[in-house]
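Let's look at a predicted model together. We'll ask how each label is earned.

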Amino acid sequence: MNLNRKVTLLFVALAASILIALVIISLYAFRSFALNSSTAHVKTAAEIVRVHLTEAMINGTINKREQFLERLMEVQGLSMARVIRSPLVSQQFGEGLQREMVADRIETQVLQDGQPRFSIIDEIGEPVFRGTIPYIASSRGTPNCLQCHRVQEGDVLGAVTIELLLSGLRKHAMTSVIGIMITVAVFSLLAITLARRLVLPVGDTATEIGEVVQRALKGQFKARVTQRTTDDVGMIAAHVNRLLEYLDHGLSSIVERVAQLTGRMPSGIDNQLETTIDMVNSLADAATFKITIEEDETKAEIYERFGQLLTKRFGICEYSLYETRDTGHLQVIKINGDENQNCLWCNPQILIRSEHCRARRAGHVVDGLTQEHICAAFVADAQGGEVRQHYCVPIIQSGVVGAVVQLVTTQTIAPCLALQVPYILMFIREMAPVLEAKRLTETLRESSLQDVMTGLHNRRFLEEYVETLVATAKRRHTVLAILLLDLDYFKMVNDTHGHDAGDAVLKGVAELLKQNVRSSDLVIRFGGEEFLILLPDTNGEMAVKVAEKIRLAVEQYKFRIAGGELKKTISVGVALFPEDSETFWQTLKYADVALYRAKETGRNRVLRFAPEMWHDENDGY
Ligand SMILES: Nc1nc2c(ncn2[C@@H]2O[C@H](COP(=O)(O)OP(=O)(O)OP(=O)(O)O)[C@@H](O)[C@H]2O)c(=O)[nH]1
């Protein structure tokens, strides 16, 4: 029940109570007045009758008392007047007239006890006031009762019964009560109307404020309260409207800014406030995520953290992460959190021809949740069971697609993923520049560890990597072979054919070296025309074999130079860690000694280090 109805009901109840109380009081007052007034009238009339009868006795006209009583009846409102004799008077003067005989029980009682009796009786629908007043013998005055009557002082001589019609009075009373009722009703109505006029705006404003607050709690701040008056209530409405406007404006600009940052406008059916809070929270989380991954050392760590985010925060366990290589190929980084998986949710062709990946090709989101079969490379039933859908997001780095995030879901939970996508995109947006920075750093680092001309690792790389290499060999109790290679008479190439020809030969040798070792072996350009090959997990025999294979390959190779071809040979020194020495650098020195010996002993040959070479060397100095 609203305030208006409550106030109206209160006033109606109040008015009704006042009305009822007034009617009861009025009726009671009128009744009391009627009784008192009638009693007084009856007493007066009785006194008049007594005086007249006394006078009539003195004047000897007592026999005409009946005419007097009949004339008395003509008095308005008097319906009956009758005098009765007591037995004492009847004994002295006889029975008297018929009508002077005792008529009823009340008169008998009055004659017996000398007490007046009054009552209201109903005579055929007419209310009548009846009073019976006794005449008591008294010796007071002259003449007095005892002079004529043979009675004692205080004896009852008779009584007079007088009946008064009350209909006039009652009519009067009813008219007054009705008048009061009408007056009270009219004033009550006026009061209720006035009160409603005063309270109505309060109630209506309160109701409207309640409604707009309810809407505001649902994130809708567009509703306004009607300003009905200019008083306090009107001011409250105005203040509420100003507050709503302030909130609406503030929230709209927050939503706009958040939308700019998230790329998503909260939809109309959403609770704008809750959605915005949610998005601001996610933005904060995404910013924290960015700070965290900025401190990560490698891209691999970032991908790992992102994979955990997808699984732990968003509950997405099926996803793929691809990275674009410098060659333009796609490479699997993670599939469902596993680094060693091959393409699962896509045709493996995308790894060879990355254009097959629609997200990589188009450079924008590929939404397989709303458009099924949008990407021909997507494999919807790779793991059997329910058919899957995908949502692929390219990560743009330096204007090109640097990586692709593929989210996979069943059709049943696709709507949930669709709701999470905007939040995941926030994290991807934060991750993109960090990945780019890491990529640049890694490229820079790689280039500082790489020989620019041959593309081989350089000496700095060896210095950085040697510890890991040694630790691995020690841990696994394996042998690490060191091959130190030096082109024979290389100076002649430069001197005869020029520096460019020399460079071409060095590049050709680098290619030959790479071709003749395993991918796990390391080929390093150690100096000008000097190369170092590290063969992990091998033995002396195998190392010499590889060195020999290389030597032969170089010997047989025809290097293309401007204006023709030329052939070169190479000498190789071989030493083994930790077989020859317990330190890597000492072993390298031994390989150098072996190389020196190979040069010394004719070049174009492979020599395995022997301890006596070291002694000979040192003896020479
Ligand atoms: N073109 C070219 N020449 C280089 C480069 N680095 C070193 N050299 C040259 O390689 C030559 C090495 O010559 P030496 O150390 O005397 O040895 P060699 O002529 O190969 O003779 P042996 O090693 O004794 O068989 C020098 O002339 C260097 O200038 C390079 O990057 N490009």
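Q: What makes strand 11 and strand 12 a hairpin, and how many residues lie between them?
A: Four residues sit between strand 11 and strand 12 in this hairpin. The two strands run antiparallel and are joined by four bridges. One place to spot this is I524, which stands opposite L532 in strand 12.

Q: How do you know that strand 10 and strand 12 pair?
A: Pairing takes at least two bridges. Strand 10 and strand 12 have seven, in the antiparallel sense, so they count as paired. For instance, L485 has F531 in strand 12 as its bridge partner.

Q: Why are helix 14 and helix 15 called oblique to each other?
A: Their angle is about 140°, with the axes 6 Å apart. Roughly antiparallel would need an angle over 145, and roughly perpendicular covers 65 to 115. The angle fits neither range, so helix 14 and helix 15 are oblique.

Q: Which residues meet where helix 14 packs on helix 15?
A: From helix 14 come F490, V493, N494 and H497, and they meet H499, A501, G502 and V505 in helix 15. That contact splits into four nonpolar, four polar and no charged residues.

Q: Which helix gives the most to the shell around the ligand?
A: Helix 15, with four residues. Strand 10, helix 14 and helix 15 each supply at least two.

Q: What kinds of residues make up that shell around the ligand?
A: Seven are charged, four polar and four nonpolar. Of the 15 residues there, D488, F490, K491, G502 and G528 come nearest.

Technical notes
Residues numbered from 1 in each chain as written. Predicted model: local features only at pLDDT ≥ 70, side-chain atom pairs only at ≥ 80, totals over all residues. Axes fitted to C-alpha atoms, helices over the stretch in contact; angles between N-to-C directions. Parallel < 35°, antiparallel > 145°, perpendicular 65-115°, else oblique. Contact = placed C-beta atoms within 7 Å. Nonpolar A, V, L, I, M, F, W, Y, C, P; charged D, E, K, R; others polar. Near = placed C-beta within 6 Å.
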